[in-house]
Amino acid sequence: MRTRSLLALAGTATALAVAAPASADGGAVLTTGSAGGTAVATGDTLTAPLAAGTSATLYSSATGTSGVTCTNSQFTATVTGNPTAPGTATESVTGHTFDPSSCTSNVIGVLGVSSITVDNLPYAATIASDGTLTVLPASGSTIQTTVKLRTLLGSITCVYQAAALTGKADNTDNSISFSNQQFTKTSGSSLCFSSGYFTAKYAPVTDGGTPVYVN
């Protein structure tokens, strides 16, 4: 199953900050308004929905199309550090949600999606000046997404975990993208895939409604 978010699937967590790099020596890594613009303040909250016209997916394989698809997901993160560029900004991913009413599944025997929950928040995120985004769990924890499905045999719960997630920020549309991030099933019935591959694009990333850029 593929959940584009979950995060935090997964969870979309997870997750986070912003855009394809623009060289701006002397300015901050994260800025608002434009590349090299006003520095994002520590403590500011960044948010982003799924990019218009896209879905978050959690599929059974990196090349397959069988799994879960959601059209409504959002992440929230707090900036914890924003040094001078080039450098690496840090964030705390505090929210990664999926609206189950927007989620469908094409898995044989599955009637619908009850919920998708990104667990073990907050996650730590780093955003480098080259646009590389890394999401990590707290020490001793794991990135985890719980998917509850309605099936012909009743309700089932599928739990998926990952050690880390890697994404890419792009200034062109102030987006963050995750592609085929692999999760491993840690519990669930035979209707739950043994692996889940998460793909999603979140845009625009904003700070109080103003687009955020990576420098």
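**Exercise 1. Which backbone oxygen lies 3.1 Å from a polar atom of the side chain of Thr 142?** Work it out in this predicted model, then describe where Thr 142 sits.

*Solution.*

Step 1. Go to the loop between strand S12 (132-136) and strand S13 (143-151), where you'll find Thr 142.

Step 2. Look around the side chain of Thr 142: the backbone oxygen you want belongs to Ala 162.

Step 3. Now list the contacts of Thr 142, skipping neighbours within four places in sequence. You should get Asn 120, Tyr 123, Pro 137, Gln 161 and Ala 162. So Ala 162, whose oxygen you just found, turns up in this list too.

Step 4. Is Thr 142 buried or exposed? Its relative accessibility is 18%, and the cut-off for buried is under 20%, so Thr 142 counts as buried.

**Exercise 2. Sort the side chains of strand S15 (residues 165-170) by the face they point to, then find the strands that pair with S15.**

*Solution.*

Step 1. Walk along S15 and watch the side chains alternate. Leu 165, Gly 167 and Ala 169 point to one face, and these residues are buried.

Step 2. Thr 166, Lys 168 and Asp 170 point to the other face and are not buried.

Step 3. Next, the pairing. S12 and S15 run antiparallel, with four bridges between them. Try one bridge yourself: start at Thr 134 and you land on Thr 166 in S15.

Step 4. S15 also pairs with strand S16 (residues 175-187), again in the antiparallel sense and over four bridges. Here Asp 170 stands opposite Ser 175 in S16.

**Exercise 3. What joins S15 to S16, and which residue in the turn has a positive phi?**

*Solution.*

Step 1. S15 and S16 make a hairpin, with four residues between them.

Step 2. In that turn, check Asn 174: its phi is positive, about 55°.

Step 3. Asn 174 has a relative accessible area of 8%. Buried means under 20%, so Asn 174 is buried.

Step 4. See what the side chain of Asn 174 meets: one of its polar atoms lies 2.9 Å from the backbone oxygen of Val 212.

**Exercise 4. How many disulfides does a search of the whole structure find? Describe each pair.**

*Solution.*

Step 1. A quick reminder: a disulfide is a covalent bond between the sulfur atoms of two cysteines. The search finds two of them.

Step 2. Take Cys 70 and Cys 103, with an S to S distance of 2.0 Å. The angle about the S-S bond is 110°, and the link is right-handed. This pair ties together distant parts of the chain, 33 residues apart: Cys 70 is in strand S6 (residues 67-70) and Cys 103 in strand S9 (residues 103-105). Both cysteines are buried.

Step 3. Now take Cys 158 and Cys 192, whose sulfur atoms are 2.0 Å apart. With -75° about the S-S bond, this link is left-handed. It too connects distant parts of the chain, 34 residues apart: Cys 158 is in strand S14 (residues 154-162), and Cys 192 is in the loop between S16 and strand S17 (195-202).

Step 4. Check burial for this pair. Cys 158 has a relative accessible area of 0%, so it is buried. Cys 192, at 4% relative accessibility, counts as buried as well.

Step 5. Finally, count the bonded cysteines along the chain and write down who joins whom: the pattern is 1-2, 3-4.

Notes: Residues numbered from 1 in each chain as written. Predicted model: local features only at pLDDT ≥ 70, side-chain atom pairs only at ≥ 80, totals over all residues. Heavy atoms only, no water. Helix = DSSP H or I, 4+ residues; strand = E, 2+ residues; numbered from the N terminus. Buried < 20%, exposed > 50% of the residue type's maximum accessible area, 1.4 Å probe, protein only. Polar contact = N/O pair within 3.5 Å; in protein donor to acceptor, adjacent residues only side chain to side chain. Contact = heavy atoms within 4.5 Å. Pairing = 2+ DSSP bridges. Disulfide = S-S within 2.5 Å.
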